[in-house]
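What follows is a guided reading of one protein chain, moving from its overall make-up to its sheets, its helices and a few individual residues. Please keep the sequence and the model side by side as you read.

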Amino acid sequence: MIRTRSLLADGSRLRRLAPLALPAAWGAVAVAWRFGCPLARQPGLPMRIATSVVFLTVGIGLVLGLRHGLVRELEQVRAVAAATQRVLLRPPPARLDGLTLAAGQLSASRGASVGGDLYEAVATPHGVRIVIGDVRGHGLAALGAVVALLGSFREAAHDEPELAGVLRRLERALERHLRERARDEHPARAGARPEHPVAEEFVTLLLVEVRSDGRLAVLNCGHPGPYRLGATAERLPVGDPLPPLGVLPLPTGIVPYAGARLLPGETLVLHTDGAEEARDHRGRFFALDEALSEVPGEAPAALVRRVHTALLHHTGGRLADDIALLVVRNDRVRVPAQPAEPGLRRPRPAPSSHC
């Protein structure tokens, strides 16, 4: 096994050095000609020009060979990073239990497609459960909390019969992540509360459960409320907010808000606060509600692309925070009540006997 790894490493090094082989060989020939050939040592401007051209060609070849190798390595790193990011923040399925979904994220970190925002949607026996959240800060530094929360949600959404149980599982997952991060940053104070501000992360979160009849159950931990698109775009009520995860312990009794529905044909747009707090060069905020109202009945995937394009145009491509959108449209068919078949009568109740 060790010999195999050594051979693979040697092969990889040889592949990286291959573009330099021809310039190096040409350089060796040029040096041998310059110092070994009597003609090359003759004085005169033409010979000096010829010698300079030879060595300039060798130098350009070496630079181009190095550049080619670096470009290939960069492409491989980008491919690996893109695959990793797709696994971490995978796109939701296009169809899920009669719902049409689409999602996307814009990262404030250049070269990254994920950051401090998270989202996921899964079909469970209790309904389609959706989470969207925003870790304090942005970019690659917040990925640890994103990994911990998404991993916990993907298990808890199926295991917990109540939405409150899912939220408590997410709280415990974040607490474990913060303890481990504090231990890594302060190994001498294992078990103590971290004092470093980087270790004190918190997460705003929105949990939504879409039941088979379109009724919604919502738990909001300090996150912006979603928009419901029907005839107009309106902010969906989500009840009294709970504290963000990681700031204060969750209260003992957690009751989801159940006063809203998503009727067939209506669309629910969940987002992180970066979408509404994005500013242009004059300091004006992005009008998300107006952007959502522009094209009624738009498909979720097209809506995500259009809003992302509008956000990038509004900010000039300079994002100050990560932005995530998750769009859910209820495409379930409402079955009308069936009339009774002609000729069939409901049975009459038997007459009661009187003593």
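A residue is called buried here when its relative accessible area is under 20%, exposed when that area is over 50%, and partly exposed in between. With that cut-off, buried residues make up 39% of the 355 residues in this chain, which is shown as a predicted model. The accessible surface of the chain comes to about 20,900 Å², and carbon and sulfur atoms account for 59% of that surface. The chain contains 8 helices and 11 strands, and among contacts between residues at least 6 apart in sequence, 69% join residues that are at least 24 apart.

A good place to begin is the open sheet, in which 6 strands follow one another in the order 1-2-11-10-7-8 with antiparallel pairing. Strand 1 (95-96) and strand 8 (233-235) stand at the edges of this sheet, and because each has a single partner strand, one side of each is left without a neighbour in the sheet. In general, the strands of a sheet pair through backbone hydrogen bonds, in either a parallel or an antiparallel sense. Further into the order, strand 2 and strand 11 run antiparallel and are joined by 8 bridges; one of the pairings to look for is that of Gln105, whose bridge partner in strand 11 is Ala324. Asp97 lies in the loop between strand 1 and strand 2, where this residue has a positive phi of about 55° although it is not a glycine. At a relative accessible area of 48%, Asp97 is partly exposed.

Strands 5, 6 and 9 offer a second set of pairings to follow. Strand 5 (residues 203-210) pairs with strand 6 in the antiparallel sense over 5 bridges, and Leu206 has Asn220 as its bridge partner in strand 6. The hairpin of strand 5 and strand 6 has 4 residues between the strands, and in this hairpin Gly214 takes a positive phi near 90°. Strand 6 is also joined by 3 bridges to strand 9 (residues 257-261), again with the two running antiparallel, and here Leu216 has Ala260 as its bridge partner. How much of strand 6 (residues 215-221) is covered? The strand is mostly covered, since 6 of its 7 residues are buried.

Val218 illustrates the surroundings of a residue in strand 6. Its relative accessible area of 3% is why Val218 counts as buried, and, leaving aside residues up to four places away in sequence, Val218 touches Leu163, Leu206, Leu207, Val208, Val238, Pro256 and Tyr257. The C-alpha atoms of Val218 and Ala258 are separated by 6.6 Å, although these residues are 40 residues apart along the chain.

A comparable account can be given for Val203, which is placed in strand 5 and is buried with a relative accessible area of 0%. Beyond residues up to four places away in sequence, its contacts include Asp134, Leu149, Leu174 and Cys221. Val203 also touches Pro244, a residue 41 positions away in sequence but 5.5 Å away in space, C-alpha to C-alpha.

Not every buried residue discussed here is a valine. Arg129, in strand 4 (residues 127-135), counts as buried because its relative accessibility is 1%, and a polar contact of 2.7 Å joins its side chain to that of Glu209.

Turning to the helices, helix 4 (residues 143-159) has 17 residues and reaches 24 Å from its first C-alpha to its last, close to the 24 Å expected at 1.5 Å a residue. Even so, helix 4 has a kink of about 25° centred on Phe153, a residue that is itself among the buried ones of this helix, as are Val146, Leu149 and Leu150.

Helix 8 (residues 300-315) has 16 residues, and its reach of 23 Å from first to last C-alpha is close to the 22 Å expected at 1.5 Å a residue. Among its buried residues are Leu303, Val304, Val307 and Leu311. An α-helix has 3.6 residues a turn, so residues three or four places apart point the same way. The buried residues of helix 8 pack against strand 2 (99-106), strand 7 (227-229), helix 6 (274-277), helix 7 (288-292) and strand 11 (323-330). Just after helix 8, Gly316 takes a positive phi of about 70°.

Definitions and conventions
Residues are numbered from 1 along each chain as its sequence is written. This is a predicted model: local features need pLDDT of at least 70, side-chain atom pairs count only at pLDDT 80 or more; totals for chains, interfaces and linings use all residues. Side-chain values use heavy atoms; hydrogens and water are left out. The expected span of a helix is 1.5 Å times one less than its number of residues. Buried means under 20% relative accessible area, exposed over 50%, partly exposed in between (1.4 Å probe, protein chains only). Contact means heavy atoms within 4.5 Å. The bend at a residue is the angle between axes fitted to the seven residues ending there and the seven starting there. Accessible areas come from the Shrake-Rupley method with a 1.4 Å probe; for residues, only the protein chains shown count as cover. A polar contact is a pair of N or O atoms within 3.5 Å; within protein, one must be able to donate a hydrogen and the other to accept it, and residues adjacent in sequence count only if both atoms are side-chain atoms. Two strands pair if DSSP finds at least two bridges between them.
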